[in-house]
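Trainee: Before we look at the model, could you show me how to read the surroundings of a ligand and the pairing of strands?

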Amino acid sequence: VRPQDIITKKRDGERLSQDEINYFIRGVTDESWADYQISALIMAMFINELDLSEQSYITQAMLNSGKVMDFSDIELPIVDKHSTGGVGDKTSLIIAPLAASCGLAVPMISGRGLGHTGGTLDKLESIEGFNVNLTTVEFKQIVRECGYAMAGQTTDFVPADKKIYSLRDATATVPTIPLIVASIMSKKLAEGLDSLVLDVKTGNGAFMREFKDAERLARALVETGNSCGVKTQALITDMNQPLGKYVGNSHEVYECIKVLRNESDEQMKPMLEVSIELTCRLLIMSDVAKSTGEARKILIEKLESGKALEKFRKNVELQNGNPKICDKPEILLDKDLELFEIKADRSGYIGEIQTEEIGKAISSIGGGRTKADDRVDHAVGYAALTRLCDEVKVGEPLGILYCRNQSQNEAIGETLRTAYKIVDTEKNQLELIKKVIT
Ligand code: URA
């Protein structure tokens, strides 16, 4: 068999066998397949889809492309959270320290920005010195010492996802359920978890825009997790506007530290709310709390007492980051940025926010990547000062663009402004948490 035989088969809409999928993933891992061959097969998989058995084969093959972690020497419940990706979606940075402060262990393998969405690793790298390239031994040691660690896929841990993920990002082949399931679940199953909560985003800033697709994805993820012995639940949450206040790597870390310091403002509240809801599920699945009411009480105490912030600080120290950001989060923000207000072009109510456009715009000025090896400018970003249903007057700022120069403002300022549709009548608020899949 040659790579082109497998590509031909999928290109022509045929079903791949387990051996063929294993051969593909082996070729990705040992680099015997060229990037263009991997990309061609992924595109064929995107267009012709994978059925349930192919989805299960590719998940297993990716999971077994590297080592599987063993935390049997840690007595604590091993848990994690993963999101399907959104704009301003930074809840991992709240959930991991919060869960760790409640006595859970969180080995969080994260990703980089994908398409128009941000990635936890890129956010963390906006912290001076922060190392996301940990060996499996270092990763486990940090989980032991502070209750959580955050790192990327490595050459010994789910290497196939590392490669495929970056090629999917650069070839517009992200939004397809089987590949998302394989990507997320291969990483999560390799973490040796007891429980997993998934944040499946839906709306105009999510890969699954339609609720029914998000629900299908959530069920596929939950079924895959549970059938592999990991207690798994999913929340379907709204992504019709950026989550919380900021979009852009260092600004998002700044927002998380403000929340952990109990200094959050009104715009940050929805982000905290989603973080709490997701962490509640982890406490319940781990038998730390019996109900969401009880879990919520515990979490509020961990936030208000500063215990979650202390976990965050310890993790930053252990991953070589500068812990001073915990005392002075402002040092994360680049002083050389230029600020441009994005102003309402009429009075009325905010009826729609084209969230993907905001994500793409920030990505295009360096906040994300257009090619797999692009460098990220962690400093650029956007502050959403207004939310859906808010009443605005003509000329009032809807948000603030933080960028390098006037030409970046010329490139995306108008896109940001037209991302807001201002209407005459107030619409109903959208629910933040749309459904729980258990
Ligand atoms: N997150 C992942 O880890 N993989 C995907 O494919 C999408 C979101």
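Mentor: A polar contact is a pair of N or O atoms within 3.5 Å; within protein, one must be able to donate a hydrogen and the other to accept it, and residues adjacent in sequence count only if both atoms are side-chain atoms. This is a predicted model, in which local features need pLDDT of at least 70 and side-chain atom pairs count only at pLDDT 80 or more, while totals for chains, interfaces and linings use all residues. Residues are numbered from 1 along each chain as its sequence is written, and side-chain values use heavy atoms, with hydrogens and water left out.

Trainee: Which ligand atom lies 3.0 Å from a polar side-chain atom of His-82?

Mentor: The partner of His-82 is an oxygen atom of the ligand. An oxygen atom of the ligand is also 2.7 Å from a side-chain N or O atom of Lys-187, and a nitrogen atom of the ligand is 2.7 Å from a side-chain N or O atom of Ser-183.

Trainee: How much of the 240 Å² that the ligand exposes when taken alone does the protein bury?

Mentor: Accessible areas come from the Shrake-Rupley method with a 1.4 Å probe, and here the protein buries 97% of the ligand's area.

Trainee: Which residues surround the ligand?

Mentor: A residue counts as near a molecule if one of its heavy atoms lies within 4 Å of it; among those around the ligand are Thr-84, Leu-114, Tyr-165 and Arg-168. Helices (H or I, at least four residues) and strands (E, at least two) are DSSP runs, numbered from the N terminus, and helix H9 gives the largest share of this shell, four residues.

Trainee: In what order do the three strands of the open sheet lie?

Mentor: Two strands pair if DSSP finds at least two bridges between them, and the order here is S10-S8-S12, with antiparallel pairing. Strands S10 (391–392) and S12 (420–423) stand at the edges with a single partner strand each, so one side of each is left without a neighbour in the sheet. Two bridges join S8 (residues 348–353) to S10, and Tyr-349 has Glu-391 in S10 as its bridge partner.
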